[in-house]
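Good morning, everyone. Please look at the screen while I walk you through one protein chain.

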Amino acid sequence: MKTQSSNSIVKLNKEEIAEAKRWGKARRDTNVNGELKDRSHAGKPMGGTWLKNDVIAAGSEIAFAKFIGEDFTGTVNTFNDADVGKDWQVRCTDSENFSLIIRPQKDKGEKLKDKFVLVIYQGNATFRIAGYQIGNECIKAKYLRNPGNRKNREAYFVPQCDLIKF
């Protein structure tokens with residue numbers, strides 16, 4: 001794989017930031033307009049003031065595509081398709097120590113053959129590629145947790161130390 005940075009840090013340029021904003025807004029508009037059937041955030045419909053999260057998510061995908069030398073194609077509401085390339089699922093957070101999260105309600109079947117990468121937004125259009133793991137390797141009892149003990153909210157939390165580094 002071709003990388004843009006040997007230390008897994010990617011900074012978006014002005015054009016890439018604008019692209020992240022465009023895709024984030026497109027995703028948020030779809031959610032707010034009720035086209036998204038998925039329910040998240042403790043059972044509340046997605047929408048409202050989540051635009052920042054959508055821009056960060058789109059930026060994470062752009063940063064990862066740049067990191068591995070792929071073109072970012074951008075999509076809206078294509079949850080089972082790859083986010084980047086043929087088989088990369090991008091997960092993002094803006095918390096430095098968070099884990100890669102695999103949700104059994106959403107991540108199942110053929111999708112678990114994909115590679116799930118954790119991208120951490122560090123502010124100022126800068127992203128850190130924390131590492132990746134094959135989806136099937138994440139589905140282990142030792143990773144299963146339910147923070148908050150909410151019904152049907154169990155997920156697999158793979159710590160960064162168990163991710164494959166680039």
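Start with a network of salt bridges: it links Arg91, Asp107 and Lys111. Keep in mind that this is a predicted model. Take one pair out of the network. The side chains of Asp107 and Arg91 meet at 2.7 Å, N to O. Where do the two residues of this pair sit? Arg91 is in strand S4, and Asp107 is in the loop between strand S5 (100–102) and S6. They are 16 residues apart, so the pair links distant parts of the chain.

Are these two buried or exposed? Asp107 is buried, with a relative accessible area of 3%. Arg91 is buried too, at 18%. The cut-off for buried is under 20%, so Arg91 falls inside it.

Now a neighbouring topic: Asp83. This residue lies in the loop between helix H2 (51–68) and strand S4 (88–93). Asp83 is buried, yet has no salt bridge. Which side chain of opposite charge is nearest to Asp83? That is Arg91, 5.5 Å away. A salt bridge needs a nitrogen within 4 Å of a carboxyl oxygen, so 5.5 Å does not qualify. What does the side chain of Asp83 reach instead? It reaches the backbone nitrogen of Val90, at 2.7 Å. Leaving aside neighbours within four places in sequence, Asp83 is in contact with Glu61, Trp88, Gln89 and Val90.

Back to salt bridges. How many are there by this rule? The count comes to seven. One of them joins Asp87 and Lys115, at 3.3 Å, N to O. Asp87 lies in the loop between H2 and S4, and Lys115 in strand S6, so this pair ties together parts that are 28 residues apart in sequence. Asp87 counts as partly exposed, at 25% relative accessibility. Lys115 counts as buried, at 17%.

Another salt bridge joins Glu137 and Lys140, at 3.5 Å, N to O. Glu137 is partly exposed, with a relative accessible area of 39%. Lys140 is partly exposed as well, at 33%.

Next, the nonpolar side. In soluble globular proteins, nonpolar side chains tend to be buried together. Here, the largest nonpolar core has 20 residues. Those with the most contacts inside this core are Phe64, Val84, Trp88, Val117, Val119 and Ile129. You have met Trp88 already, as a contact of Asp83. Which elements give two or more residues to this core? They are H2, S4, strand S6 (115–123) and strand S7 (126–134). H2 gives the most, with seven residues. Apart from this core lies another, of twelve residues. Leu118, Ile120, Tyr156 and Leu163 are among them.

Now step back to the whole chain. It has three helices and nine strands. Read along the sequence, the pattern is β-α-β-β-α-β-β-β-β-α-β-β. Of the 166 residues, 42% count as buried. Take the contacts with a separation of 6 or more: 63% of them come from residues 24 or more positions apart.

Last, confidence. The chain averages a pLDDT of 83, and 80% of the residues score at least 70. Where does pLDDT stay under 50? One such stretch is residues 1–6, with ten contacts beyond four places in sequence. Another is residues 36–49, where pLDDT is below 50 and the model has 22 contacts beyond near neighbours in sequence.

Methods
Residues numbered from 1 in each chain as written. Heavy atoms only, no water. Helix = DSSP H or I, 4+ residues; strand = E, 2+ residues; numbered from the N terminus. Buried < 20%, exposed > 50% of the residue type's maximum accessible area, 1.4 Å probe, protein only. Lys, Arg positive; Asp, Glu negative; His and termini not counted. Polar contact = N/O pair within 3.5 Å; in protein donor to acceptor, adjacent residues only side chain to side chain. Contact = heavy atoms within 4.5 Å. pLDDT = per-residue confidence, 0-100. Core = buried A, V, L, I, M, F, W, Y, C linked by side-chain atoms within 4.5 Å.
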